[in-house]
Amino acid sequence: DIDLCQYLIAAAQYGGPIAITRDPRKIVQMTAEHTTPAVAIYAASGVKNCQIEWTGNAIVGMGWTLSEHLVIVSTDGKVDIFTVQGDPIKSTAISDRNSKVIEAKVFGKGLVALTKTLELWCIEDLDYPENQELMPSAGLDRPPLAMEVVSPEHS
């Protein structure tokens, strides 16, 4: 049995693939399955397609683009993009600053990330990544309790 409360889960739209990894922010009892960080990709039917051995920093967010590419964002702001089969496509970064990312949301073709200094950064199109700062301090004095993105085509 898997306690889903201990995991980060990203499901693609329209019954597409599902990615799952242990949430590094949660405290869990270490077992043999937790020794090597990994991201597992499942078909919607529950069949495991592949597993990506994770060697990067802690994952703070992941999601699927409209073209069913898995996007994984690390605390250091690195963005890694994979195919449904777990093959790497490309890597980029949220920002050229050394800001620690605390939250990231993938939408449509892009993503938005919140840094520890409460800056919001956006990459509108991951195919042609250009990072832009949305709001320098986002008008926040502490991290929000929840964050979601409304895709530009819906706003």
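Which residues is Trp64 in contact with, leaving aside its neighbours within four places in sequence? Keep that question in mind as you open the viewer; the tour comes back to it shortly. One thing to know before starting: this is a predicted model.

**Stop 1: the whole chain**

Begin with a cartoon view of the protein chain. Its secondary structure comes to twelve strands and zero helices, so you can follow the pattern β-β-β-β-β-β-β-β-β-β-β-β from one end of the sequence to the other. The radius of gyration is 15 Å, close to the 15 Å that the globule rule gives for 155 residues, so the chain is as compact as a globular protein of that length. Turn the C-alpha trace around and you will find that it spans about 40 × 35 × 25 Å along its principal axes.

Next, switch on a surface. About 9,200 Å² is accessible, and 52% of that belongs to carbon and sulfur atoms. Of the 155 residues, 43% are buried. If you display contacts between residues at least 6 apart in sequence, 35% of them join residues at least 24 apart.

**Stop 2: Trp64 and the largest core**

Now select Trp64 and show what surrounds it. Setting aside neighbours within four places in sequence, Trp64 is in contact with Ala10, Ala11, Ala12, Pro17, Ile18, Ala19, Ile41, His69, Leu70, Val84 and Val106.

Trp64 also belongs to the largest nonpolar core, which has 16 residues. To see the members that touch the most others, select Ala19, Val39, Met62, Trp64, Leu70 and Ile72. Colouring by strand helps here: S1 (7–11), S3 (38–42), S4 (48–53), S5 (59–64) and S6 (70–74) each supply at least two residues of this core. The largest share, three residues, comes from S5. In soluble globular proteins, nonpolar side chains tend to be buried together.

**Stop 3: a second core**

Leave the first core displayed and add Val60, Ile81, Ala104 and Trp121 in another colour. These four are among the members of a second, separate core of 14 residues.

**Stop 4: a nonpolar patch on the surface**

Go back to the surface view and select Ile2, Leu4 and Ile9. Together they make a nonpolar patch of about 290 Å². Leu4 lies in the segment before S1.

**Stop 5: a network of charges**

The structure holds five salt bridges. Side chains of opposite charge can pair when their charged atoms come close.

Start with Arg25 and Asp23, whose side chains meet in a salt bridge at 3.2 Å, N to O. Are these two residues buried or exposed? Asp23 counts as buried, because its relative accessibility is 4%, under the 20% cut-off. Arg25 is partly exposed, with a relative accessible area of 44%.

Keep Arg25 selected and add Glu103. This pair also forms a salt bridge, with the closest N and O atoms 4.0 Å apart. Here the salt bridge links distant parts of the chain: Arg25 sits in the loop between S2 (18–22) and S3, Glu103 sits in S9 (residues 101–107), and the two are 78 residues apart.

Finally, add Lys105. Its side chain meets that of Glu103 in a salt bridge at 3.7 Å, N to O. Glu103 is partly exposed at 23% relative accessible area, and Lys105 is partly exposed at 22%. With all of these on screen, you can trace one network: salt bridges that share partners join Asp23, Arg25, Glu103 and Lys105.

Technical notes. Residues numbered from 1 in each chain as written. Predicted model: local features only at pLDDT ≥ 70, side-chain atom pairs only at ≥ 80, totals over all residues. Heavy atoms only, no water. Core = buried A, V, L, I, M, F, W, Y, C linked by side-chain atoms within 4.5 Å. Buried < 20%, exposed > 50% of the residue type's maximum accessible area, 1.4 Å probe, protein only. Helix = DSSP H or I, 4+ residues; strand = E, 2+ residues; numbered from the N terminus. Contact = heavy atoms within 4.5 Å. Patch = residues over 30% accessible without salt bridge, like charges linked within 9 Å, V, L, I, M, F, W, Y side chains within 5 Å. Areas by Shrake-Rupley, 256 points an atom, 1.4 Å probe, with all protein chains shown as cover. Rg over C-alpha atoms; globule rule 2.2 N^0.38 Å.
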